[in-house]
Amino acid sequence: MRPQEEWEPRVMAQARTDGWWHRGASVVAAVSGGPDSMALLHLLRTMSKLEPFKIVVAHVNHQFRGAESDAEAELVKRAATEWDIPFETAALDLPSYIADTGMNAQSAAREKRYQFLKEVARRHSCSVLLFGHHAGDQAETVLMRIVRGTGPSGLAGIPYRRIEEELELIRPLLRITKYELLEYCKRNGVPYAVDSSNVDRHYFRNAVRLDLIPMLEKHNPKLQASLVRLADMAAADDEYMEAETLKAFKDGVTPSGQGFQIERRGFRGLHVALQRRLIKLILNCSSNSRQILDFGHVEEVARAVTEDHPAVIQLDIGDGWLLKREYEEVYIGPPVPESSSFKYIVDKRVQEVAIAETGGRFILERLKGSIPSITANRFEACFDEGGLNFPLQIRSRLPGDVLHPYGLKGTKKVQDMFVDAKVPRSRRDLQSLLVDGEGHVLWIPGMRRSRHALVTGDTRQTLRITFIGAEN
């Protein structure tokens, strides 16, 4: 047994470091009536005598165990009244809620409990919510996840602290053992209740605590301490990896409608651990991410992004989401509606055309005399205005479109040019084409111009057209 002086001051010092224990602070303590949460409440009372701060007790009666649940609520109320601490309680009709929602008992209890605790925090203007989870709870959680199957993040177990809806959830006793807390209650005369359901092996956690841990402790007497230490190390590693994943997200992922575009080259350069986490981060944005976050699913998505073949693929991810890869471009998210066609008429007076469907713009300048037809800028083209058949059009592609490429003989289908340039199929209908009054394709910005209306020494007026994309 550790002496009293070893863990109480340690918890208090951590509370100061975490910033929730100071004069004038306000916290909500979730107190079930068991030895863990009652020890926490007593310790908070002791701390408030050393430096005053507001404590609010919140107790939830789940009404699963009838009179026993009512007795626990009465025990917590008496202690709060005796210790002059504000008390809030709620009796939840969980059996009816479970029948209505189809949720399992533990998930339903957690959802309704957190809802109540957050309401109490708001009513009392508290930004910190404290729980009595201890080292045994942590060890059980890690072992349960190992048995069920978990990744590195799952080994972090119960988080010591986290933010949820602007409320900070903290577990000050997460490194304190159950034995230490029981000794604390005995030493300080702290009343507590014993939950009879804790010996019901129907619950997986109880079976782990009562059967699996004692069996494993025959091989490692310090098993629980080892599992808590593993959780601490995994939590630190996970925090670092999450930060690196966010960096990778900012560098290589772009929001696109309700989904995301991934820069494939950058994704392939990431370590496989970051690739998996980045995919999970994206999939977490799905409305039902739990449906699509198993290891096999994440691996399938990552392979579709990284492997060279096939270069064009569409993968149903689930929850109404898909992965659509076209060469170096990858989209993950809900299906995107097919692109609509567009057409803009350009007469001799037009100086600028904004393409609403793509966000791009065409700037038209008229210059006296001649300047070179071909420039180093693939998004700029010059034409002999006298050789153009007006009105011009700026439109999306049409079936059968061909171009007479400058510098080459014959014609080439626009469709074939898109394929050769590896323009994603989903973007081909968004590519703007400059066409003359006879339907000849004059220019595909960023790709190639035709041999029509070349500027020569005899040109009296040059039409210079510049394309500015939506991303510029």
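How many bridges join β5 to strand β6, and which way do the two run? I looked this up and found four bridges, with β5 and β6 (residues 167–170) running antiparallel. Within this pair, E164 stands opposite L167 in β6.

A note on what I am reading: this is a predicted model, where local features need pLDDT of at least 70, side-chain atom pairs count only at pLDDT 80 or more, and totals for chains, interfaces and linings use all residues. Residues are numbered from 1 along each chain as its sequence is written, and side-chain values use heavy atoms, leaving out hydrogens and water.

**The sheet.** I traced six strands (DSSP runs of E, at least two residues, numbered from the N terminus) in an open, mixed sheet ordered β3-β2-β1-β4-β6-β5. Strands pair here if DSSP finds at least two bridges between them. β3 (87–91) and β5 (161–164) each have a single partner strand, so one side of each is left without a neighbour in the sheet.

**Helices on the sheet.** Next I checked the helices (DSSP runs of H or I, at least four residues) for contact (heavy atoms within 4.5 Å). Helix α2 (residues 35–50) packs on the sheet, touching β1 (26–30), β2 (54–61) and β4 (128–130). Helix α5 (residues 105–123) also packs there, touching β1, β2, β3, β4, β5 and β6.

**Helix α8.** I then turned to α8 (residues 204–217), which has 14 residues. I found N206, V208 and I213 buried (under 20% relative accessible area, 1.4 Å probe, protein chains only) in α8. The buried residues of α8 pack against α6 (135–148) and α9 (223–252).

Methods
Axes fitted to C-alpha atoms, helices over the stretch in contact; angles between N-to-C directions. Expected span 1.5 Å × (residues − 1). Buried < 20%, exposed > 50% of the residue type's maximum accessible area, 1.4 Å probe, protein only.
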